[in-house]
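Trainee: Could you take me through the reading of a few features, beginning with the two sides of a helix?

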Amino acid sequence: CYFADAGNTFGNRNDLSRNTIIYGHNMHNVTTGPKDTLKFGALFKFVDFNNDGTIFGDDVASANDFSFAEEHPVIYFSTTDDEMVWVIYAAYFTDLGFQYHLENPEQVAFTMNATHGLNIAIKSLVPPGGKAVISGYEHNAVTRPLAALGAQVSVAAAPLFQPAAVTAAFDRLIVPGTDAVICNHVSNVFGFVQPVEAIAAICREREVPFIIDASQSAGMLTLDMTALGAAFIAMPGHKGLYGPQGTGVLLCGKDVPVRTLLEGGTGSISIQQEMPDFLPDRLEAGTHNMPGIAGLLAGVRFVRQLGPEAICAGERQLTFQAAEGLRRLPGLQVFALPDLAAQAGVLSIVPEHMDAEALGAALADRGIAVRAGLHCAPLAHRTAGTLDTGTVRVSFSAFNTPQEADRLAEAVGDILRR
């Protein structure tokens, strides 16, 4: 079975056998899955065979030639590293900007992953011992940086799939002296779509910076960063944007103070020993992951070609289909709403008379890869009441089919009957 969760292996669905099921540790927006073929060409053409910072090809572009960047899904040329990055920014901004309504490409800082971006965002706004308000469904990428800062953390805990209760909890906890509010758009454990628009409105009214973790929603649910007034939005490249691992993006709000995690060469103001005070240079010390960024660009264009709304609708339909089949099985708790109004592409289940890890392993033996355990989000399990058991998590991508959703339910039923 091809599956990019534990092994995190790249692959193309066209190379897979017809008997393969492709599920994911949130393959659509949690981990690496089958990608658009263009990505591999993009990665290959960006390899620096000379190992000297120059990449040779047939096309040459100026750093200011945005039209060239927009027209070429793969841009490769012999020029300076700074010029390459700027053209990539222009092309990437063209495709990513439509999802987040960015004002200019300098708001886009490339990171290693969402965790990297969240660390920058949190440590830019929350001082040691500072105060933060978070949802009850946050990932360790949020809670561990706050713990390292010794922050005073208030958890806006609310029942699963109840957006109004989440909003009310944040409304109670966002008080004067709060340094930052942090919330994931979609829970990586349950697929719960949290009401970030309503939370953003509270933050704007009380003038508290808002950080959005879009790890599970990027490429599927769009946000208007300008209208939200968010300070930062962090996302990985290898999930719903269908890029390679080791890539990520941090969208930075206008005039938001940014602290550095790394210092070093930026190719700008080299005589100065302090990091530049302008974006994206301030956050991008050292050599860029150019092959990864090129692959990410191809992934983003793949998402734009299909359309985030269409991707979301397809994943929700598959989640609904799988949930309906699984609900018919005795001895199985299914975390899903009948209409999936507050859920997106991720489904957790808990067997009543079997360890979640054992069910995950049994599914793997049948060629179905899922993730079992706490999914790096113990807070979400504590909130939902599954901390002691963990869950088996299944999710869907643009590459999954209704037949695979049916096969999942059949396989779980067979395992539980044994």
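Trainee: Which exposed residues does the face of H6 turned away from its buried side carry?

Mentor: In this predicted model, that face of H6 carries the exposed residues Ala-164 and Arg-172.

Trainee: And which residues of helix H6 are buried?

Mentor: Within H6, which spans residues 163-173, the buried residues are Val-166, Thr-167, Ala-169 and Phe-170. They lie on the same side of H6 because the arc they cover around the axis is only 160°. Their packing partners are strand S2 (131-135), strand S3 (152-156), strand S4 (180-184) and H7.

Trainee: How should I read the nonpolar interior, and how many residues has the largest nonpolar core?

Mentor: The general idea is that in soluble globular proteins nonpolar side chains tend to be buried together. Here the largest nonpolar core has 47 residues, and those with the most contacts inside it include Tyr-100, Phe-170 and Ile-233. Helix H7 (residues 196-206) gives the most to this core, contributing five residues. Setting aside neighbours within four places in sequence, Tyr-100 is in contact with residues among them Ala-214, Ile-233, Met-235 and Leu-251.

Trainee: Is Thr-386 buried or exposed?

Mentor: Thr-386 counts as buried because its relative accessible area is 3%, under the 20% cut-off. This residue lies in the loop between helix H12 (378-384) and strand S11 (391-395), and, not counting residues up to four places away in sequence, Thr-386 touches Phe-190, Phe-335, Val-350, Leu-374, His-381 and Thr-391.

Trainee: Which residues form a nonpolar patch on the surface?

Mentor: Ile-269, Ile-271 and Phe-278 do, with about 310 Å² of accessible area together. Phe-278, in the loop between strand S7 (248-252) and helix H9 (290-306), counts as partly exposed at 31% relative accessibility.

Technical notes
Residues are numbered from 1 along each chain as its sequence is written. This is a predicted model: local features need pLDDT of at least 70, side-chain atom pairs count only at pLDDT 80 or more; totals for chains, interfaces and linings use all residues. Side-chain values use heavy atoms; hydrogens and water are left out. Helices (H or I, at least four residues) and strands (E, at least two) are DSSP runs, numbered from the N terminus. Buried means under 20% relative accessible area, exposed over 50%, partly exposed in between (1.4 Å probe, protein chains only). Contact means heavy atoms within 4.5 Å. Patches are made of residues with over 30% relative accessible area and no salt bridge: like charges are joined within 9 Å, nonpolar side chains (Val, Leu, Ile, Met, Phe, Trp, Tyr) within 5 Å. Accessible areas come from the Shrake-Rupley method with a 1.4 Å probe; for residues, only the protein chains shown count as cover. A salt bridge is a side-chain nitrogen of Lys or Arg within 4 Å of a carboxyl oxygen of Asp or Glu. A nonpolar core is a set of buried Ala, Val, Leu, Ile, Met, Phe, Trp, Tyr and Cys residues joined through side-chain atoms within 4.5 Å. The arc is that of the directions from the helix axis to the C-beta atoms.
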